[in-house]
Each structure stands twice: as C-alpha cells, then as structure tokens.
Amino acid sequence: KKKKKKKKKKKKKKLLFMNLKPIEVVDQITKDEFTEKYLKKGLPVVIRSFSKGWDANDKWTYDYLRSVAGEENVKLHGRWTDNEPTRIEMPPVKEVPFGDYLNLVESNQPSDLRIFLF
C-alpha cells in the first residue's frame with residue numbers, strides 16, 4: 001500500500017494595521033498638565049507656542065549663527081536612497097563649514113543635503 005501524503009494546511013497571514021490617532025495640538029500648557037495628560041500616558045502632543053518669548057526667536061538668525069559657529073565643520077547627509085534604507089546610521093556624504101551650509105539653505109536652491117544636530 002502507498003502512503004498518502006498529508007496536505008499541509010496553509011496558515012493564514014494575519015494583517016497588522018496601525019491604529020493611528022490624531023495628535024492633540026495646544027497653544028500653551030503648564031508643566032503639570034503636560035506631565036499628567038501626555039508624559040505619564042506616553043501620548044504625543046504638539047505645543048504651538050512653546051518657544052514664544054524666547055530670545056532665540058529673534059537672536060538666532062543665519063548671520064548670528066555664522067558669526068558664532070560659521071567656521072565649525074559639519075557633516076552633511078544625502079538622500080535616504082543614497083544609503084541602505086534599512087540602516088539606522090547613515091554616513092555623511094560631505095563635510096563643510098557650517099557657514100557654507102547656512103549659505104546653501106539661505107539660497108533656496110534645491111538640495112538633498114541635510115544636517116543632524118545631536
């Protein structure tokens with residue numbers, strides 16, 4: 001007698017969906033309210049007027065940044081597709097003085113070059 005081969009049942013693939021929710025937007029918020037309503041619950045929030053009144057809003061112009069850090073070399077990164085999309089670390093594509101990068105930004109020329117300040 002020949003043994004019959006058992007057919008393997010195909011497992012159904014489970015589809016996973018992201019449960020996207022709108023992010024709340026506030027103009028102002030106290031530290032306590034932020035802590036209780038968002039931080040402790042791990043919820044995101046957009047705070048529109050967070051930096052209102054900071055001196056940096058008026059002081060940190062391109063000219064000011066050039067004067068204090070324009071000669072510092074910064075690493076510029078290219079398009080995501082220039083690197084392996086699955087890699088978290090992307091090597092820089094070039095290094096230039098910060099002032100040169102600010103000139104590029106200010107020129108409004110299309111560019112894929114970007115900087116990460118961290």
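## The nonpolar core and its surroundings

Val74, Leu76, Val96, Phe98, Tyr101, Leu102 and Ile115 make up the largest nonpolar core, a set of seven residues. Helix 4 gives the most to this core, with three residues, and strand 3 and helix 4 each supply at least two. Please keep in mind while you look around that this is a predicted model.

**The chain as a whole**

Let us step back for a moment. The protein chain has four helices and five strands, and read along the sequence they follow the pattern β-α-β-α-α-β-β-α-β. What share of the 118 residues is buried? Buried residues make up 14% of the protein chain. The accessible surface of the chain comes to about 11700 Å², and 54% of that belongs to carbon and sulfur atoms. If you work with contact maps, here is a value for you: of the contacts with a separation of 6 or more, 39% are between residues 24 or more positions apart.

**Helix 4 and its buried face**

Helix 4 covers residues 98–107, and its buried residues are Phe98, Gly99, Tyr101 and Leu102. Seen down the helix axis, these buried residues fall within an arc of 155 degrees, so they line one face of helix 4. A general point about helices helps here: an α-helix has 3.6 residues a turn, so residues three or four places apart point the same way.

What do the buried residues of helix 4 pack against? Their partners are helix 3 (62–69), strand 3 (73–77), strand 4 (94–97) and strand 5 (114–115). After helix 4 comes Asn108, whose phi is positive, near 60 degrees.

Two of these elements can be followed through single residues. Ala69 lies in helix 3 and is partly exposed, with a relative accessible area of 22%. The C-alpha atoms of Ala69 and Gly99 are separated by 7.3 Å, although the two are 30 residues apart along the chain. Then there is Ile115, a member of the core. Leaving aside residues up to four places away in sequence, Ile115 touches Val74, Lys75, Leu76, Phe98 and Tyr101.

**His77 in strand 3**

Strand 3 also holds His77. Is this histidine buried or exposed? His77 is buried, because its relative accessible area of 11% is under the 20% cut-off. Again leaving aside residues up to four places away in sequence, His77 touches Met90, Pro91, Pro92, Val93, Asp112, Leu113, Arg114 and Phe116.

**Salt bridges**

How many salt bridges does a search of the whole structure find? The search finds four. Here are three pairs with their N to O distances.

| Pair | N to O distance |
|---|---|
| Lys37 and Glu24 | 3.4 Å |
| Glu36 and Lys40 | 2.7 Å |
| Asp63 and Arg66 | 2.9 Å |

Start with the salt bridge between Lys37 and Glu24. Lys37 lies in helix 1 (residues 31–39) and Glu24 in strand 1, so the pair ties together parts that are 13 residues apart in sequence. Both residues are partly exposed: Lys37 has a relative accessibility of 35%, and Glu24 has one of 36%.

In the pair of Glu36 and Lys40, the two residues fall into separate exposure classes. Glu36 counts as partly exposed at 44% relative accessibility, whereas Lys40 is exposed, with a relative accessible area of 59%.

Why are Asp63 and Arg66 separated by about one helical turn? They are three residues apart in helix 3, which means about one turn between them. Asp63 counts as exposed, at 57% relative accessibility. These two residues are also part of something wider, as Asp63, Arg66 and Glu106 are linked in a network of salt bridges.

**A nonpolar patch on the surface**

Finally, have a look at the outside of the model. Ile23, Val25 and Val46 form a nonpolar patch on the surface, and together they have about 230 Å² of accessible area. One of them, Ile23, is found in the segment before strand 1 (24–26). Ile23 counts as partly exposed, because its relative accessibility is 46%.

Terms used
Residues numbered from 1 in each chain as written. Predicted model: local features only at pLDDT ≥ 70, side-chain atom pairs only at ≥ 80, totals over all residues. Heavy atoms only, no water. Patch = residues over 30% accessible without salt bridge, like charges linked within 9 Å, V, L, I, M, F, W, Y side chains within 5 Å. Areas by Shrake-Rupley, 256 points an atom, 1.4 Å probe, with all protein chains shown as cover. Salt bridge = Lys/Arg side-chain N within 4 Å of Asp/Glu carboxyl O. Buried < 20%, exposed > 50% of the residue type's maximum accessible area, 1.4 Å probe, protein only. Arc of directions from axis to C-beta. Contact = heavy atoms within 4.5 Å. Core = buried A, V, L, I, M, F, W, Y, C linked by side-chain atoms within 4.5 Å.
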